[in-house]
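Me: I would like a close look at a single part of this model, taken slowly, and then set in its surroundings. Please keep the explanation connected, since I am in my first year.

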Amino acid sequence: MKNLNYLNYFFVGTPILLILTGTLFAKSLGAFIGFGILFLILTGVFQIITGISLLLDQPKDKLLQVYISLVVLFFLTFTFNLNILKSDILYFILIPVPPILAIYFSVLIYTKQQS
């Protein structure tokens, strides 16, 4: 679990580092912002796959069940809005959800590593 926590730090920290580097040195390293944003996709994929595999190992863990349920709810709501509702307001409501899920998963992994 300790290695999983460090790997999560890498996947969460790398986009932040790339975006900050691109922001500070915008003239010469502006492409780093784009790389950081693209790396966020890998962060999400890593966290979802890890969450599913942890849930398969520990199916009675309520915190993991909540995480996976929220991820599924987010994707269902996003897809429903994309294809049926097409509401701009709902898009603005959904924007902070992925970072909140990433923070929740990071805290979850950290607490599991501590225990």
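In which helix is the place of Asn8?

Reply: Asn8 has its place in helix H1, and since this is a predicted model, what follows describes a prediction. A good beginning is to ask how much of this residue is open to the outside. The relative accessibility of Asn8 is 1%, and because a residue under 20% counts as buried, Asn8 is a buried residue. Leaving aside residues up to four places away in sequence, Asn8 touches Phe46, Gln47, Phe105 and Ser106.

Two of those partners, Phe46 and Gln47, lead to helix H3, which covers residues 31-57. A further residue to consider there is Thr50, which lies in H3 and is buried, with a relative accessible area of 7%. Along the sequence Thr50 and Asn8 are 42 residues apart, while in space their C-alpha atoms are 9.5 Å apart. When residues up to four places away in sequence are not counted, Thr50 touches Leu4 and Phe105. Phe105 is therefore a name to keep in mind, because it is listed among the contacts of Asn8 and also among those of Thr50.

From these residues we can step back to the helices that carry them. Helix H1 covers residues 2-24, and its axis comes within 8 Å of the axis of H3, the two crossing at roughly 165 degrees. An angle over 145 degrees counts as roughly antiparallel, and H1 and H3 are therefore roughly antiparallel to each other. The residues that form the contact of H1 with H3 divide into 17 nonpolar, nine polar and no charged. As for the sense of the crossing, H1 passes H3 in a left-handed way.

H3 also packs against helix H4, here at an angle of about 135 degrees and with the axes 9 Å apart. That angle makes H3 oblique to H4. On the H3 side the contact is made by Gln47, Ile48, Gly51, Ile52, Leu54 and Leu55, and on the H4 side by Leu64, Gln65, Tyr67, Ile68, Val71 and Phe75. Sorted by class, the residues of this contact of H3 with H4 are nine nonpolar, three polar and no charged. Gln47 thus appears in two settings, as a residue that Asn8 touches and as part of the contact that H3 makes with H4. The crossing of H3 past H4 is left-handed.

The other thread, Phe105, leads to helix H6, which covers residues 97-114, and the axis of H6 comes within 11 Å of the axis of H4 (residues 62-85), with a crossing of roughly 165 degrees. H4 and H6 are therefore roughly antiparallel to each other, and H4 passes H6 in a left-handed crossing. Where they meet, H4 brings Leu63, Leu64, Val66, Tyr67, Leu70, Val71 and Phe74, while H6 brings Val97, Pro98, Leu101, Tyr104, Phe105, Leu108 and Lys112. By class, this contact of H4 with H6 has 13 nonpolar residues, no polar ones and one charged.

Beyond H4 the chain enters a loop, and Lys86 is found there, between H4 and helix H5 (88-94). The phi angle of Lys86 is near 55 degrees, which is a positive value in a residue other than glycine. Lys86 counts as exposed, at 57% relative accessibility, whereas Asn8 counts as buried.

The record adds another view of these segments. In an unreviewed UniProt entry, the annotation "transmembrane region" covers residues 7-26, 32-56, 63-83 and 89-110. In the model, residues 32-56 are 100% helix and 0% strand, and the C-alpha atoms at the ends of that stretch are 36 Å apart. Residues 63-83 are likewise 100% helix and 0% strand, with end C-alpha atoms 30 Å apart.

Finally, the part we began with can be placed in the whole. The protein chain has six helices and zero strands, and its C-alpha atoms fill a box of roughly 50 × 40 × 15 Å along the principal axes. Of its 115 residues, 29% count as buried, and Asn8 and Thr50 are both buried. Among the contacts in the chain with a separation of 6 or more, 57% are accounted for by residues 24 or more positions apart.

Note on methods. Residues numbered from 1 in each chain as written. Predicted model: local features only at pLDDT ≥ 70, side-chain atom pairs only at ≥ 80, totals over all residues. Heavy atoms only, no water. Axes fitted to C-alpha atoms, helices over the stretch in contact; angles between N-to-C directions. Helix = DSSP H or I, 4+ residues; strand = E, 2+ residues; numbered from the N terminus. Parallel < 35°, antiparallel > 145°, perpendicular 65-115°, else oblique. Left-handed = near helix turned anticlockwise from the far one by under 90°. Contact = heavy atoms within 4.5 Å. Nonpolar A, V, L, I, M, F, W, Y, C, P; charged D, E, K, R; others polar. UniProt positions renumbered as here; feature names shortened; annotations may be inferred. Buried < 20%, exposed > 50% of the residue type's maximum accessible area, 1.4 Å probe, protein only.
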